[in-house]
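Thanks for making the time, everyone. Let me put the model on the screen before I walk through it.

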Amino acid sequence: TIQDVIVARIDKLDEETKKLLKVASVIGRTFFYKILSQVADDVEGINEKLAYLKEAQLIREREKMGEVAYLFKHGLIHEAAYELILRNQRKELHLKVARAIESVFSDKIHSFYGILAYHYSNGENMDRTEQYLLKAGEEALRSSASIEALNYYQEGLRLYLRKYGDAADPEKIATFEKNIALAFFNKGQHENALRHFDRVLERWGLETPKGWISMRFRLISNLLNVILNLYFPRRGTGRRPAERDNEIFELSYKRAMALVHLDPRRCFVEFLSILRRLRHFEIAETDNGIGIWMSASGLFSWSGISFRLSEKILAYTRPMLDQEDLRHRLYYHLFELIHLSLKGEWSRIGEYDQDLVDSGLKVGEHWHVLNYLLFHGFIKIEEGDFEEADRIVRTLSDIWETYGNENAIATQRFLRLRIFVVQRSLNRALAEAEAAIRESEKGRPSVIYYSGYKAIVQILLDDLEGANRSLEQSKAFISERGRVPPIFMSSYFMGELCYYLHFLENAVLS
């Protein structure tokens, strides 16, 4: 086999060179010269041996992070060298490599958290493994690398539970769960995120009302409280939030953002609870307190419940807006955009701001950026500015490719479907709608939207039986779920109107 040939080549090396190659294989397929020289400190003439290994086409030299590094020319060479090491020796070498990284790269150790977790895990030092998995996850979350963060935290939680079992610290578990939830949220996997958000907030004492009766009671109580705060504000009288209070606000807010896509009715109840809790604290002292209040404007306009309250909230938060704060600017522009779009006052909407989008993505505000793109995209389509609409669709593709956020694909689909219908690319529109329905998770409000558009396309294609089935599908969903935000139902009502107009037209003509 190829593996046998590679092993035979390695066996022909002298013992010291073979030893050096095996040590290098423990470090990884790419290994830094500084780390190798410290771990293989008992090997003489390292430079000459590395030169020989390069000449033998086993490794090649490269630069990484401004340092001299080497790469095993093929993954199979790396694997073969590693397999030649006895298991007990591997364990000791992994620990030695980890300690060398901590020593040599202490000034940029944040770049090595994941690698250190890997080496300590193979060295069977579970405490250090868990420590570095947590740090690696935090670093990945900061850089919006949610897939990596998710892997680190899930592995960290698995190791922690395996080690401590029933004696595990609930607070430590909550920390892992919180970070897993944030990683799922940043990937746009809202259902998975919601499950972990619920677990953490329940551990922290926030129970979600289970029945609709208790939910309705809380809804009325919290709504009255919000209105009271808007018309009789209590600025400067609240207490300063503790670190845990800020954590609860952050997670509760992101849970509400996830619920927008999953359960809009529960989202409304949860968000009003956040606003009521916020009333006990000094808003300017609370992390993202002003941003949460700005978002409440979107809650009332997006749900179609009250544009008056939506506008009142924007007026309430406007004096608190800090133009130097990116989050403030992004939130205010987004929720003003949603309010004006849905109210139909398009002449008051400001220009699309690509710099705001780019800056928001850099700080991980994916949810808000995607909705900013969605509403601007809809307006550009309705105004017939397809060039700008296409640019927004391409931006969504870039977000998907760069950040792996699944919500970017769903947002892109919303816009592409509308573009195809308006431009009368009917076969493409039908294929897009069917793919969207097929890939949407069952029970999601977006299914109503896609089915409505499918019906519109089928009417335009003169497939009235198919249109009727699509409308019935939407109608059944609305009947099952009760009140659904108008933005999801808009295409259903448009489709129903087109359906009846078609029959009316035929009746008039005959």
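I will take one helix, then the aromatic pairs, and then the largest pocket.

This is a predicted model, in which local features need pLDDT of at least 70 and side-chain atom pairs count only at pLDDT 80 or more, while totals for chains, interfaces and linings use all residues. Residues are numbered from 1 along each chain as its sequence is written, and side-chain values use heavy atoms, with hydrogens and water left out.

Let me begin with helix 9, residues 146-164, where helices are DSSP runs of H or I with at least four residues, numbered from the N terminus. Its 19 residues reach 27 Å from the first C-alpha to the last, close to the 27 Å expected at 1.5 Å a residue, the expected span being 1.5 Å times one less than the number of residues. Among its buried residues, meaning those under 20% relative accessible area with a 1.4 Å probe and protein chains only, are Leu150, Tyr153 and Tyr160. The buried residues of helix 9 pack against helix 8 (126-142) and helix 10 (170-186), and just after helix 9, Gly165 takes a positive phi of about 55°.

Now the rings. Rings of Phe, Tyr and Trp (its six-membered ring) pair if their centres lie within 6.5 Å, and planes under 30 degrees apart count as stacked, over 60 as edge-to-face and the rest as tilted. By this rule the count comes to 25 aromatic pairs. In one of them, Tyr120 and Tyr132 have ring centres 5.9 Å apart and planes at 5°, so this pair is stacked. Because Tyr120 lies in helix 7 (residues 113-122) and Tyr132 in helix 8, the pair ties together parts that are twelve residues apart in sequence, and both tyrosines are buried.

How are the rings of Phe268 and Phe300 arranged? Their centres are 5.6 Å apart and their planes at 85°, so the pair is edge-to-face. It links distant parts of the chain, with Phe268 in helix 14 (residues 264-278) and Phe300 in helix 15 (residues 289-302), 32 residues apart. Phe268 is buried, with a relative accessible area of 8%, and Phe300 is buried as well, at 1%.

Finally, on a 1 Å grid over the protein atoms alone, a pocket is an open set of points where a 1.4 Å probe fits, with protein on both sides within 12 Å along at least five of seven lines, and lining residues have an atom within 4 Å of a point. The largest pocket has a volume of about 910 Å³, taken as the space filled by probe spheres set on the points, which are joined across faces, edges and corners. Of its 39 lining residues, the closest to its centre are His190, His261, Asn407, Ala410 and Ser446.

Notes
Helix = DSSP H or I, 4+ residues; strand = E, 2+ residues; numbered from the N terminus. Buried < 20%, exposed > 50% of the residue type's maximum accessible area, 1.4 Å probe, protein only. Contact = heavy atoms within 4.5 Å.
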